[in-house]
Amino acid sequence: MRPFRKKVALAIDGGGFKGIMVAKALAILEEHLGKPCYEIFKMAVGTSTGSIISTAIGTGMNASQIYELYSNFGKEIFRKTCRYYLWPLTRYKYSNKALIKVLKDSFGEITMGDFWKSGSKFDLVITVRDLVENRTLFVKPWKKEYQKWKAFFAVLASCSVPTYFPVVEGRYIDGGVGSYSNPCYIAAYEAVNCLDWEPEETTLISIGTGRVKKRIEPYTASHYFAWQWISPILDTFLSDTSDQQVRIVRQFFRKLDFRRFQIDIEPVAMDDPSEIKLLTEYGEKLGRMILKDKTDTFSIRPAGFAK
C-alpha cells in the first residue's frame, strides 16, 4: 500500500447492515498501520450506515469495536416482528427504538459541536434528507446551525431508510435517498474547499458496501409487469449515482490522492444480519484490497463512454 499523504479523509457509503464489511476492512487497515482509525483520519463523511462508522471513529472507537457493535446489535435492530411480516401494509418494517438505544449508548450526549472543540479537531459530515425543506443537509460540527444537534440524532436521521424505519420528527430520512449514498464528492469538497486542505497533501479513502452485478437475460425485461420494474429502476438509480460521484471526484479533484474501494458481492439484503459470516468474509477481502491498493476501476469510464 502506498503511504498516505499528510492529511487523510474517509468517506463511507450507505448500505444498512452491510456496513459491517467496512468495519472489518478498517480493522485490517488498523492492524497493518498499527494505530486506530481516529488517529489515521482527521475527517470522516458518512451516509446511513456510513454515518454510524464515521461518528464512532470520531468518538474514539477503533474499528474492531465498531465491528463488534454491528455483530452484537444487528439482530436486535432488524428484529422481525408482526410489523415486518405485514409489510408493505404497514408504514415501515422496523421500530427505531432498538436503533435509538444503540446509538445513545454508543455516542451518549455528544453534540456535533463537540467534535470541533477539542484540541485535535475532527471534522464529521453526516448526510440527511430533509423532506420539509426538500433538500439534503450536510450536518457538520463547524456549522452553527448543527452544533447543538446530538450526534446520535444526526446518525439516526441519516439511517432512517424510508419503508424500513419511521421518519424522524416527521421530516428527516436517510441521506442516501438523494445523490449521496456514496458521499465521496462531499468529502473531497469538504477537504479542499471548506477545510482548505491542499490536494497535493491529501488522501481520500472512499469505501463502498458492495456492488451486486445483476444481469438480465435478453428479452426478459420485455415481459415485465409494472411492479417488476421497481427493483431494477431503483438499482439503476443507486448504482449509477454512486459511480457518478466517483467520476466527479476524479474529474475535478485530480491532484487529490483519491482511492475508491468497492467489492463485488452476491445479493445480500441490507437488513439481513444472518449473513454476518459471509459479510465478514467480504470485509476481509475488502481489507486486503485496501492494503494492496486494488482500487475500483468499474466506474472510471462506463462501456461505450467517449474519452
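Strand 1 (residues 7–12) and strand 2 pair in the parallel sense, with 4 bridges between them. Pairing here requires at least two DSSP bridges between two strands. Helices (H or I, at least four residues) and strands (E, at least two) are DSSP runs, numbered from the N terminus.

Before the exercises, a word on the model. This is a predicted model, in which local features need pLDDT of at least 70 and side-chain atom pairs count only at pLDDT 80 or more, while totals for chains, interfaces and linings use all residues. Residues are numbered from 1 along each chain as its sequence is written, and side-chain values use heavy atoms, with hydrogens and water left out.

**Exercise 1. Place strand 2 among its partners and describe how its two faces are covered.**

Step 1: start with the partners. On one side of the pairing list is strand 1, where Ile12 stands opposite Gly46 of strand 2. Strand 2 also pairs with strand 3 (residues 123–130), in the parallel sense and over 5 bridges. Gly46 turns up again here, standing opposite Ile126 in strand 3.

Step 2: look at the faces. In a regular strand the side chains alternate between the two faces of the sheet. Met43, Val45 and Thr47 lie on one side of strand 2, Ala44 and Gly46 on the other, and all are buried. Buried means under 20% relative accessible area, exposed over 50%, and partly exposed in between (1.4 Å probe, protein chains only).

Step 3: conclude. Because 5 of the 5 residues of strand 2 (residues 43–47) are buried, the strand is largely enclosed by the rest of the structure.

**Exercise 2. Work out whether helix 3 is enclosed or open, then examine Thr49.**

Step 1: count. In helix 3 (residues 49–58), 9 of the 10 residues are buried, so the helix is largely enclosed by the rest of the structure. Among the buried ones are Gly50, Ile52, Ile53 and Ala56.

Step 2: take Thr49, which belongs to helix 3. Its relative accessibility is 2%, so Thr49 counts as buried. Beyond neighbours within four places in sequence, Thr49 is in contact (heavy atoms within 4.5 Å) with residues including Asp13, Gly19, Tyr70, Cys159 and Thr209.

Step 3: follow the chain onward. Just after helix 3, Gly60 takes a positive phi of about 100°.

**Exercise 3. Check the length of helix 4 and find its kink.**

Step 1: compute the expected span, which is 1.5 Å times one less than the number of residues. For the 15 residues of helix 4 (residues 63–77) that gives 21 Å, and the end C-alpha atoms are 20 Å apart, which agrees.

Step 2: look for a bend, meaning the angle between axes fitted to the seven residues ending at a residue and the seven starting there. Helix 4 has a kink of about 30°, centred on Ser71.

Step 3: inspect the start. A side-chain oxygen of Asn62 comes to within 3.2 Å of the backbone nitrogen of Ser64.

Step 4: find the cover. Buried residues of helix 4 include Ile66, Leu69, Tyr70 and Ile77. Among the elements covering the buried residues of helix 4 are helix 1 (19–33), helix 6 (97–107) and helix 10.

**Exercise 4. Describe the surroundings of Arg259.**

Step 1: locate Arg259 in strand 7. Strand 7 (residues 257–261) has 5 of its 5 residues buried. Asp257, Arg259 and Phe261 point one way, while Phe258 and Arg260 point the other.

Step 2: add the neighbouring strand. Strand 6 (residues 202–207) runs parallel to strand 7, joined by 5 bridges, and Ile205 stands opposite Arg259. The C-alpha atoms of Arg259 and Leu204 are separated by 6.2 Å, although these residues are 55 residues apart along the chain.

Step 3: assess burial. With 1% relative accessibility, Arg259 counts as buried.

Step 4: list the polar partners, using N or O atoms within 3.5 Å; within protein, one must be able to donate a hydrogen and the other to accept it, and residues adjacent in sequence count only if both atoms are side-chain atoms. The Arg259 side chain reaches the backbone oxygen of Pro3 at 3.2 Å. Its side chain also makes a polar contact of 2.8 Å with the side chain of Asp257.
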